[in-house]
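Student: I am new to this protein. Can you take me through the terms used for it, one at a time?

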Amino acid sequence: MRYLTVVLSAAYLASAPFADAQVLAPPAPNGQDFLINDLISSIENKDVPKYSNLLADDVKVYEGERLIADNKTSWMTQFGEPLAAAGVTYTIKSAYPSSGSLLTIEYFNSAGSWGNGPPSHCCWHYDAVSYTFVGGKIGEIHRLSGGQEDIISKK
């Protein structure tokens with residue numbers, strides 16, 4: 001058995017910001033990049049029709065291990081209104097593609113729905129979301145609820 005050992009100097013570690021030490025996402029596999037870009041832009045731009053068009057009619061959506069929607073109509077009834085809500089902000093900070101799937105960390109802030117933009121210091125919630133692609137559409141969505149984080153002031 002062979003092992004690869006990487007040694008970083010203490011000076012390098014002390015000088016490197018944490019974000020620089022994180023592993024970058026690989027490029028999207030061929031043919032998925034347009035679907036991934038459309039998915040991310042539809043969520044961040046709150047484009048409900050575009051988002052809906054990316055879903056297979058028989059999409060399955062899970063929250064944890066519990067099935068919460070077994071078709072596009074059911075999922076859009078649950079998610080369409082929050083996605084379009086005035087003042088709610090969505091951003092995808094990380095997206096990790098692999099063949100036939102995408103893992104994202106999705107942030108959302110509903111504090112802006114009180115009439116202003118979201119404050120920089122609070123109210124950002126995040127979920128890890130896995131998308132499985134089938135025939136050029138999203139066939140499964142697995143959502144894991146995250147928590148709350150101040151993402152704006154960490155930029």
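Tutor: We will go from the overall fold to the strands, the rings, a pocket and a few single residues. Keep in mind that this is a predicted model.

Student: What is the pattern of the protein along the sequence?

Tutor: The order reads α-α-α-α-β-β-α-β-β-β-β. That gives 5 helices and 6 strands. Of the 155 residues, 32% are buried.

Student: What makes β1 and β2 a pair?

Tutor: Two strands pair if at least two bridges are found between them. Strand β1 (residues 55-63) and strand β2 (residues 66-69) have 3 bridges. Therefore they count as paired. The sense is antiparallel. Y62 of the hairpin faces L67 in β2.

Student: How many residues lie between β1 and β2 in their hairpin?

Tutor: There are 2 residues between them. G64 sits in the turn, with a positive phi of about 65°.

Student: How do you know that β3 and β4 pair?

Tutor: Apply the cut-off of at least two bridges again. β3 and β4 have 9 bridges, so they pair, in the antiparallel sense. I92 stands opposite E106 in β4. These strands form a hairpin too, with 2 residues between them. G100 in that turn has a positive phi of about 85°.

Student: Now the rings. Why are W75 and F79 called stacked?

Tutor: Check the distance, then the angle. Ring centres must lie within 6.5 Å, and planes under 30 degrees apart count as stacked. For W75 and F79 the centres are 5.1 Å apart and the planes are at 10°, so the pair is stacked. A search of the whole structure finds 5 aromatic pairs, and W75 with F79 is one of them.

Student: What separates W75 and F79 along helix α5?

Tutor: About one helical turn, because they are 4 residues apart in α5 (residues 72-84). Both residues are buried.

Student: Why is the pair of Y90 and F108 called tilted?

Tutor: Its centres are 6.3 Å apart, and the limit is 6.5 Å. So the two rings pair. The angle between the planes is 35°. Stacked needs under 30 degrees and edge-to-face needs over 60. The angle meets neither, so the pair is tilted.

Student: Where in the chain are Y90 and F108?

Tutor: Y90 is in strand β3 (residues 89-98) and F108 is in strand β4 (residues 101-109). They are 18 residues apart, and the pair links distant parts of the chain.

Student: Are Y90 and F108 buried or partly exposed?

Tutor: Buried means under 20% relative accessible area. Y90 has 10%, so Y90 is buried. F108 has 25%, so F108 is partly exposed.

Student: Which residues form the aromatic cluster?

Tutor: Y51, W75, F79, Y90 and F108 form one cluster.

Student: How do you know that the charged end of R143 sits over the ring of F79?

Tutor: The distance to the ring centre must be within 6 Å, and the direction within 35 degrees of the ring normal. The charged end of R143 is 5.7 Å from the centre of the F79 ring, and it is listed as sitting over that ring. R143 lies in strand β6 (residues 137-148). With a relative accessible area of 10%, R143 is buried.

Student: What lines the second largest pocket?

Tutor: The lining includes W75, F79, Y90, F108 and R143. E63, I68 and D127 are also among the lining residues. The pocket holds about 180 Å³ of space. α5 and β4 each give two or more residues to the lining. The largest share, 4 residues, comes from α5.

Student: How many of those lining residues are nonpolar, polar and charged?

Tutor: The lining divides into 7 nonpolar, 1 polar and 4 charged.

Student: Last, what makes K46 worth a look?

Tutor: K46 has a positive phi of about 55° although it is not a glycine. Its place is in the loop between α3 (33-44) and α4 (48-54).

Student: Why do K46 and S74 count as partly exposed?

Tutor: Partly exposed runs between the 20% and 50% cut-offs. K46 is at 22%, so K46 falls in that range. S74, in helix α5, is at 23%, so S74 counts as partly exposed as well.

Key:
Residues numbered from 1 in each chain as written. Predicted model: local features only at pLDDT ≥ 70, side-chain atom pairs only at ≥ 80, totals over all residues. Heavy atoms only, no water. Phe/Tyr/Trp six-rings, centres within 6.5 Å; stacked < 30°, edge-to-face > 60°. Buried < 20%, exposed > 50% of the residue type's maximum accessible area, 1.4 Å probe, protein only. 1 Å grid on protein atoms, 1.4 Å probe; cavity = no way out; pocket = protein on both sides within 12 Å on 5 of 7 lines; lining within 4 Å. Points joined across faces, edges and corners; volume = space filled by probe spheres on them. Nonpolar A, V, L, I, M, F, W, Y, C, P; charged D, E, K, R; others polar.
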